[in-house]
Amino acid sequence: MESLILFDDLSFTYQGSQVPALKNIKAEIEEGKFIFIMGHEGAGKSTLCYSLNGIVPRFFKGNYSGRVLVNGEEVSKKKVSEMSKIVGLVLQDFEAQLFSTNVELEMAFGPENHCLPHLEIKQRIDKYLNFIGLENLRGREPSSLSGGQKQRLAIGSVLALEPKILTMDEPTTDLDPNGRSEILSIANLIREQGRTLIIVDHESESAIDADQIWLMKDGLLVRQGPPSELLTDLKNMEYCGIKPPSILQLFKSMNWPGSPLSFEQAAELIKKYNLTKPRQLRIDKEVSTNSIKTPFLTVNELGYIYPTYQIEALRNINLSIHEGEFIAILGQNGSGKTTLVKHFNCLLKPTSGCVLIKGKPVNEYSRPELARLVGYVFQNPDHQIFSRTVREEVGFSLKMFGESKKNIETQVAEALDVVGLSGYEEKVPFALTKGERQRVAVASVLATKPQIIILDEPTTGLDYKHQRNMMEMLKKLNKMGHTIIMITHSMWVAVEYADRIIVMKDGEIINDGPTRSVFYNEAKLLEASLKPPPIVRLGNWLGTREITAEGIVKELRGEIRL
């Protein structure tokens, strides 16, 4: 079969850079195939996507050699507007893709520019708004949507073009697990229509249904092959900075036969070879030693209605948080997670009820006082970074609070040391990678030494290595005495780092407890459109107290006393 896409010795170096982003890429893709591209941050994945519709080299200038052929035509000789009719691209920075005044107009923009008939445009809007789950938000401004809803809208606006080739660069970073599954199920829709799908993503479990996986490292295409071959190649996965499937790690560590990539495959092998006997797990009602202490932060009957759209985002929230906890707040997009935590430092003011810190309403604290009690790191670090240098950014709050130059210098140095950015003082924040900008944002909050640090999706858009670095840093801060509250859609992050889980649905808390007990209650998670990672499902089925691959291995070997 003739290739739909051909990369013919493609190399590209961005203008002003000495390091090639792509090096001698040779590959081809047949029509109707589903290709999953994985690799570390800076591996060249996004650049490869940009080369498919001419953004590289037409918009992003640099040293370009080799060819990319789509439908037998050389992309670099075509206008981006011409290529948009063939290749649809969902950007990694999906917010940059949204600019219309409401959801429906955003969906209509592409088809209108392709001069489609009015009836056809309407049919496509209806079809894809329903597919991405935003049919009831037609009149909403994109800026008023949650991060996950914005990401769905960006995907929907490209789907509405019905391109022959759909390319999505990390399309599920801000989506809950159910939303991730729904978007990844797009592969079935694309296949049915005979179109080609290319997805860039970091989650190995999401790649199981692809026709081919491409592994990239430092601009090179390291390997290509079916998921059964590449996802079980732990050496190359690690080499390319990808988190290997936890279930596979467990089987390798236990020297069990087979290479399962899903819970179902693992359970079947365990039963077939009688590898171990599942046992009844008794989840005790664990009582926190904090329960006898006075809460540091208390939420009483909190309700909030967004005034512009009269949307009730929170209803009767009651919550107590103690010093030293590490809490993950989970829930589907639009469940009220961000709205809730924005009340903890007066970014939002309650419609009803109140929030107390040390028994005092948060609105009675001065801004400097509150900043030293609660620090907030936004979902997108670019929403809070604005200074010319890292030093100025991290020291800005301290300067506003009237700290001495010597104190500012000391506290900035301490904060940068904690986040691993010592030596970055004079660098321009916007020239840093996403992971580094995220760390700058954390450092700017940390410099004021708040008791509570709130992070909204701290691992979004980071590769596995940088996710680990970020979470180990937060673990370190927690051990230093800081209370950590994070909103996350990354289930493995919540499982491995949080000691308490709060689950939200439709503006209410529907479950709150120790991590093990919350993840054991799969029905309650499903009620919130969540599902545990495959390794946790396996632990639940086996009846283990541990729910990480490493922990389950130790428990099965008898190395952990129960």
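**An exposed phenylalanine, a buried glutamine and two sets of paired strands**

At 51% relative accessibility, Phe 386 counts as exposed, because the cut-off for that class is over 50%. The model is a predicted one. Phe 386 sits in a loop. This loop runs between strand β16 (374-377) and helix α15 (390-400). Phe 386 also takes part in a nonpolar surface patch. Its partners there are Phe 396 and Met 400. The patch covers about 320 Å².

Gln 467 falls in the opposite class. Its relative accessible area is 7%, and the residue is therefore buried, the limit being under 20%. Gln 467 belongs to helix α18, which spans residues 464-479. Its side chain reaches the backbone oxygen of Leu 462 at 2.8 Å. Leu 462 also appears among the contacts of Gln 467 when neighbours within four places in sequence are left aside. The others on that list are Thr 459 and Trp 492.

Strand pairing was examined next. In a regular strand, side chains alternate between the two faces of the sheet. Strands of a sheet pair through backbone hydrogen bonds, in a parallel or an antiparallel sense.

An open sheet is formed by 4 strands. Their order is β2-β1-β4-β5, and the pairing is antiparallel. The edges are β2 (22-30) and β5 (73-74). Each of these edge strands pairs on one side only. Strand β1 covers residues 3-14. The antiparallel pairing of β1 with β2 extends over 6 bridges. Within this pair, Leu 6 has Glu 28 of β2 as its bridge partner.

Strand β11 (residues 297-306) pairs with both β12 and β14. Strand β12 comprises residues 311-321 and runs antiparallel to β11. The two are joined by 7 bridges. Leu 302 has its bridge partner in β12, namely Ile 317. Strands β11 and β12 form a hairpin with 4 residues between the strands. In this hairpin, Gln 310 takes a positive phi near 55 degrees.

The pairing of β11 with β14 (residues 352-357) is likewise antiparallel. It extends over 5 bridges. Here Leu 297 is matched with Ile 357 of β14 as bridge partner.

How values were computed:
Residues are numbered from 1 along each chain as its sequence is written. This is a predicted model: local features need pLDDT of at least 70, side-chain atom pairs count only at pLDDT 80 or more; totals for chains, interfaces and linings use all residues. Side-chain values use heavy atoms; hydrogens and water are left out. Two strands pair if DSSP finds at least two bridges between them. Patches are made of residues with over 30% relative accessible area and no salt bridge: like charges are joined within 9 Å, nonpolar side chains (Val, Leu, Ile, Met, Phe, Trp, Tyr) within 5 Å. Accessible areas come from the Shrake-Rupley method with a 1.4 Å probe; for residues, only the protein chains shown count as cover. A salt bridge is a side-chain nitrogen of Lys or Arg within 4 Å of a carboxyl oxygen of Asp or Glu. Buried means under 20% relative accessible area, exposed over 50%, partly exposed in between (1.4 Å probe, protein chains only). A polar contact is a pair of N or O atoms within 3.5 Å; within protein, one must be able to donate a hydrogen and the other to accept it, and residues adjacent in sequence count only if both atoms are side-chain atoms. Contact means heavy atoms within 4.5 Å.
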